Amino acid sequence: MNNYARLLTDPIFYKSIFNNLVFSGVVILAGVTLGFLFAVLLSTNIRGNRLFFAILFLPSIVPRALIATVFKEMLEFHSGTVNAVLSFMGMNVQNLTWLTDPGMAYVSVFTVLIYMIGIPLLYYNAELTTIDSSIFESAQLDGANFPTLITKIIFPLVKASHKTIVISTLLATFRMFEVIFLLTSGGPGFTTEITGTYIYRFTRRGSDLGYVSAAATIILVIALFLSVLQIKLLYKSKKN
C-alpha cells in the first residue's frame, strides 16, 4: 500500500498519464480527419491511388523503433537533415532544438505519431468498400457537392470506424514506449514522459520493484478498462 500511496502522490506519474491522453488525442484527431480524408480520396479512381495508399500505410508496418530512430537523426540539432535543409533555405536554425526544447519536443513527438496514420486509413478504406455506391450517386443527383458528400453523408456512414479508431488509438499510445524512448527518452525534464518510460526509469534502478509493480498494475487496470470498452463498442456496432 505504501507503494500505491507514493505513486498516487507523484506528479510525474500523473504527467505520464496526461501525456498518454494528449498523444492519443492528437493521433485520434489526425486519424479521423487526415486518415478519413486520405481514405476517401484514395477510394476514388484518381491516378496512382494504390501507390499513394502504399506510401501512407507503409509507416504503420515498419517497426516503430526504426521510424523513431530515423526521425531522431533527422531532428538532431547539429547535423540533422531538417535543420540542414532549413539552413540551406536561409532560415536561422540556431534556436531550433527540436528534441531538447520542451515545446519543440512535443511538436516532434506529435509529428512522428501523426506520420503513422496508416491504421486509421486502413479502417476507413475497408469500411468505405462496404458502402453502396448508389448512395453517392443519388446525393450527386440531388446536387450535393464534394464537401457536402464527405461531411454530411460519408463521415456519418463510417461511424463504426470512428469508434474503433478512438479506442484502439487510446490503447496503442500505452504501447508507444519505443517511439518516445528513442526520440526524447521522456525529456526534456519529463516533458514527453509517458507511462512506459516512467516505469522503465524505475525498472533500471533495480531497487524499486515494488513501486514498479504498483505502477504497472494501475496502468494494466486502465488498459483493461479501455479494452473492455473497445469490445463493447465493437459488439454494439456489429449488432446494429
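In this predicted model, helix 2 and helix 9 lie roughly perpendicular to each other. Their axes come within 12 Å and cross at roughly 110°, an angle that falls in the range of 65 to 115 degrees and is therefore classed as roughly perpendicular. The crossing of helix 2 and helix 9 is right-handed.

The residues that form this crossing can be named on either side. Helix 2 contributes Val32, Phe36, Leu37, Val40 and Leu41, which meet Phe146, Ile150, Ile154 and Phe155 of helix 9. By class, the residues of the contact between helix 2 and helix 9 comprise 9 nonpolar, no polar and no charged.

Helix 2, spanning residues 11-43, also takes part in the packing around helix 7. In helix 7, which covers residues 118-128, the buried positions are Gly118, Pro120, Leu121, Tyr124, Glu127 and Leu128. These buried residues pack against helix 2 and helix 9 (146-157), and also against helix 3 (49-61) and helix 10 (159-172). Both partners of the perpendicular crossing are thus among the elements that receive the buried residues of helix 7.

A further view of the interior is given by the nonpolar core. The largest such core has 21 residues, and Phe23, Val112, Leu113, Met116 and Val179 have the most contacts inside it. The elements that supply two or more residues to this core are helix 2, helix 4 (64-75), helix 6 (102-115) and helix 11 (177-183). Val112 illustrates these connections: leaving aside its neighbours within four places in sequence, Val112 is in contact with Ile67, Phe71, Val179 and Leu183.

Methods. Residues are numbered from 1 along each chain as its sequence is written. This is a predicted model: local features need pLDDT of at least 70, side-chain atom pairs count only at pLDDT 80 or more; totals for chains, interfaces and linings use all residues. Side-chain values use heavy atoms; hydrogens and water are left out. Buried means under 20% relative accessible area, exposed over 50%, partly exposed in between (1.4 Å probe, protein chains only). Helices (H or I, at least four residues) and strands (E, at least two) are DSSP runs, numbered from the N terminus. Contact means heavy atoms within 4.5 Å. A nonpolar core is a set of buried Ala, Val, Leu, Ile, Met, Phe, Trp, Tyr and Cys residues joined through side-chain atoms within 4.5 Å. Axes are lines fitted to C-alpha atoms, for helices over the stretch in contact, and angles run from 0 to 180 degrees between N-to-C directions. Angles under 35 degrees count as roughly parallel, over 145 as roughly antiparallel, 65 to 115 as roughly perpendicular and the rest as oblique. A crossing is left-handed if the near helix is turned anticlockwise from the far one by less than a right angle, and right-handed if clockwise. Ala, Val, Leu, Ile, Met, Phe, Trp, Tyr, Cys and Pro count as nonpolar, Asp, Glu, Lys and Arg as charged, and the others, Gly among them, as polar.
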